[in-house]
Amino acid sequence: MAKPQDFNTHVTPTWCPGCGNFGLWQGFKESLSELGLEPHQIAMVFDIGCCGNGVNWHNLYGFHSLHGRTVPVAEAIKMANHNLKVIAASGDGGGYGEGGNHFLHGCRMNFDITLLIHNNQIYGLTTGQASPTTDTGMETKTTPSGQLEQPFHPLQVAIPQGASFVARTFAGDIKHCKEIFKQAIEHKGFSLVDVLQPCITWNKVNTFQWYKERIYKLEDENWNTKDKDAALIKAGEWGEKIPIGVLYVGDQSSYESQLPQIKDKSLVEQGVTSGDISEFLEEFK
Amino acid sequence: MPKNSNIFTLKIGGEAGQGQQVAGLTFAKACARGGLYTYDYSEYPSRIRGGLVTYQISVGPEPVYAAYYDVNLMICLSKLSFDHCKNELVSGAVVFYDSDKFKIEQSELPKDKNIKLYPLPLATIVKEATLKPITTNSIAIGAVAAMLDFNIELLNSMMRDIFASKGKEVIDMNIKAIKTGFDYATQNSNPKEFKYDLKTKPEKSAKGGPASGGKDKVVITANEAVVLGSIAAGCKFMSAYPMTPASSILHYAAKWAERSGMIVKQPEDEISAIHMAIGAGYAGVRSMTCTSGGGFALMAEGVALAALTETPVVIAESQRPGPATGLPTWGGQEDLRFIANVGHGDFIRIVLAPGDAKEAMFLTPWAFNLAEKYQVPVVILLDKFISEGHESVDELVTTNVKIDRGKILTQEQLDKIKDYKRYELTADGISSRAFPGMKGGVHIANSDEHDEHGFTIEAFDAEMRIKQQDRRYKKLPSIIKELPKPRFYGSKSAKTTLIGWGSVKGAVLEAMKALPADKFNFIHFTAVAPIDAEEVKKLIKGSKKLWLIESNKTGQFGDLLKENLNIEFDNKILKYTGIPFFPEELIEKLK
């Protein structure tokens, strides 16, 4: 069985020392290990940015996509080979901004993929510009007088939009990350995990300390993950108190599980052979 | 315009939603069943109801490669269609018009052409024959058959097939409508005076009864042929967003998906479409997308992603005139330079441009083989004229589609490799693929420049950057060798060599039929990028004068050739009206 460290490559992470990504990464590797997965059984699509650079130190089938383009690539991998565990990883810029349309529709298509968002409320690798989740009033390089916009609330969008697993965790709590990731990967449908992940270099407001003072765990409150309406309200809680944990789990069928083309075998297992077109030609006679 | 006497052209004009395209296609298939050849062309606006929609079909005893401009018989279902098309009517032409809806005065006819005008009061005919209004198109087609002494049983056989699922009552009603239209035209016009007839074969079936028509031909568009070609090529995945004139590729693939085993997905936008196709290709299946120019603009970044990750993908692009929304339901060849240079950075773009449905059928598997063997994006470049124009062809060859996936490792082979390198520096530039799920094949498919394993490099490792970029370009000579060769038509000794690509082929071949062999010959390109410069040099060696023909403003392919070969053209025939070249106008220009 693969151990967490088996998912490392020889490459040393280039993240800043103390980056929230380290906790997230550790929790992620432990979740894969505890689920009994081997590196070759996972296809993981990475965005561009600090999260995306992680492709180099994840020992699994990594696809380093373009900015904002993780979800469609992951969805198609799942359609082509549903035996794989398919994961997409992105920052808040790629996931909610550049890839916003894919996120919106990925929720309602409900493929059995897991979307991990490294949400630090700022652009990291491009050196500190406002992101879709930057809080109103925050000063960044591109909003020197303070952000004028309202922040994007990913969980509050995902629930009514049809995502069947919606959760949030915190990179400062490795064990919590691991537990949430395990459930997300095991869930048969579109799983969103919004990971609060402090950027220690560019975001001096939403720090580890800031989050620690605000977060509380839904599982400590016996939260009912089946109550969609309550989940939608809970998903909007932000500010003095921030809930983490699994907010909502739906039971709608995943997209690919409804495809008759892959009922018996995945497309990849079917191989490439010339299809017979004679029956279709009849339509043109 | 001069006319080719072996060709008969019918035009049906009316409003959007009146079904003239369906009626026309029914007639086309009936002609094909009777052993005749057809080519059709339809004009329609970007609206669902009203406006002006025309359908024209040219028919002949020999293969017809393009629709003709000159109209011999016209059915006008709206006044606007008459006003718009009356100058296309040739001497001796006949016009039927729906006299229950509008009037055409004799004085409105073009002068000195001896055109005959006959009312066809469709609502009255429907009422008197106790038919239903939905059968008016069948009545009109019946009238056409009367004028042409056309074997009505061929039309009846079409009705039996088209309405097979609707039951006997609907079939019988439409067969009755055809007969009603036939009889009405026979009694109220003068078919004997009309100088065209369409003699079909077989006259009778083997048993001596009425002929039901042979089914040795297909009436098909290039879009439909691309779908058939993709199934024959083993393509199992299509993701595409609708856009005229590419949409019917998506429609047919979706319609047949459960029977062909192809997964067909309409995603949220074209950006998603190309990335899905890339994702499926990466996972190990043959995949494609389709779009028109505007959608392809959105796909540009994805093409570059396929290039650097070396993921095979096939993109069918059916052109319409631009820029921007342009002329959405019309045609042209305006995207070539864009496509031949699409995406940022240096990489090989392969562009194949079939000239008709038959070429689309065999170039599609070719595109898949090139994409997989060389791990590159390949574009099949079409346009509205062939994407929507139906051509009757002797049955398409469907067997012996050779599948070549190139260097793909089996699990057994992979087990023997100690240190698998996805982007290995090889002599021919091609590295072996392993797919996710395979043991021992873990690697990074990386959109960053990378080393042999796929790990990101920076330009601190400039040596590896050069090696990888040079490796990818090592594929180019082999690719050029495997591209379909330009085809030479006509006599070597002709005074002028005409050079064209894609859909201009049909009108040029028709014009060649009408002109003496020493006037001009024709080189038709189906591989428009990369250019095989040596092959072109060989082909034009004996040419005295070079003329270029394209459906765009600037002569885009001519410029590409000039870039590669430094040749000048003596003349350029360029049309960018959104309407195809008609054989007659080429005959005028080339005679």
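Student: Why is the pair of Arg405(B) and Glu372(B) called a salt bridge?

Tutor: In this predicted model, the N to O distance between the two side chains is 2.7 Å. The cut-off is 4 Å between a side-chain nitrogen of Lys or Arg and a carboxyl oxygen of Asp or Glu, so the pair of Arg405(B) and Glu372(B) qualifies.

Student: What makes this pair a tie between parts of chain B?

Tutor: Arg405(B) belongs to the loop between strand 14 (391–394) and helix 14 (411–416) of chain B, while Glu372(B) sits in helix 12 (residues 357–374), so the pair ties together parts 33 residues apart in sequence.

Student: How do you know whether Arg405(B) is buried or exposed, and Glu372(B) likewise?

Tutor: Buried means under 20% relative accessible area. Arg405(B) has 18% and Glu372(B) has 3%, so both are called buried.

Student: What makes Asp149(B) and Lys199(B) a salt bridge?

Tutor: Their closest N and O atoms are 3.0 Å apart, which is within the 4 Å limit. The pair links distant parts of the chain, 50 residues apart: Asp149(B) is in the loop between helix 4 (136–148) and helix 5 (152–162), and Lys199(B) in the loop between helix 6 (168–188) and strand 7 of chain B.

Student: Which class of exposure do Asp149(B) and Lys199(B) fall into?

Tutor: The relative accessible area is 48% for Asp149(B) and 48% for Lys199(B). Partly exposed covers the range between under 20% and over 50%, so both residues are partly exposed.

Student: How do you know that Lys217(A) and Asp173(A) form a salt bridge?

Tutor: The closest N and O atoms of that pair are 2.9 Å apart, and the rule asks for a distance within 4 Å. Lys217(A) lies in strand 7 (residues 215–217) of chain A and Asp173(A) in the loop between strand 5 (165–170) and helix 7 (174–186), so parts 44 residues apart in sequence are tied together. With a relative accessible area of 29%, Lys217(A) is partly exposed. Over all chains the rule gives 48 salt bridges.

Student: How many salt bridges run between chain B and chain A?

Tutor: The count between the two chains is 4. One of the bridges joins Glu301(B) to Arg69(A), at 2.5 Å from N to O, which is within 4 Å.

Student: What is the buried area between chain B and chain A?

Tutor: About 5100 Å², with 66% of it on carbon and sulfur atoms. On the chain B side, Ile263(B), Glu268(B) and Val442(B) lose the most area to chain A, together 12% of what that side buries. The contact takes 71 residues from chain B and 52 residues from chain A.

Student: Why are strand 2 of chain A and strand 15 of chain B called a pair?

Tutor: Pairing needs at least two bridges, and 3 bridges join strand 2 (residues 61–64) of chain A to strand 15 of chain B, so the strands pair across the two chains. They run parallel, and Phe63(A) stands opposite Ala445(B).

Student: What makes strand 13 of chain B mostly covered?

Tutor: Of its 7 residues, 7 are buried. Pro377(B), Val379(B), Leu381(B) and Asp383(B) point one way, and Val378(B), Ile380(B) and Leu382(B) the other way.

Student: How do you know which strands pair with strand 13 of chain B?

Tutor: Strand 11 (residues 313–319) of chain B shares 7 bridges with strand 13, and strand 12 (residues 350–352) shares 3. The requirement is at least two, so both strands pair with strand 13, running parallel to it. Ser318(B) has Leu382(B) as its bridge partner, and Leu352(B) stands opposite Ile380(B).

Note on methods. Residues numbered from 1 in each chain as written. Chains lettered and ligands numbered in written order. Predicted model: local features only at pLDDT ≥ 70, side-chain atom pairs only at ≥ 80, totals over all residues. Heavy atoms only, no water. Contact = heavy atoms within 4.5 Å. Buried area = accessible area lost by both parts, 1.4 Å probe. Helix = DSSP H or I, 4+ residues; strand = E, 2+ residues; numbered from the N terminus. Buried < 20%, exposed > 50% of the residue type's maximum accessible area, 1.4 Å probe, protein only.
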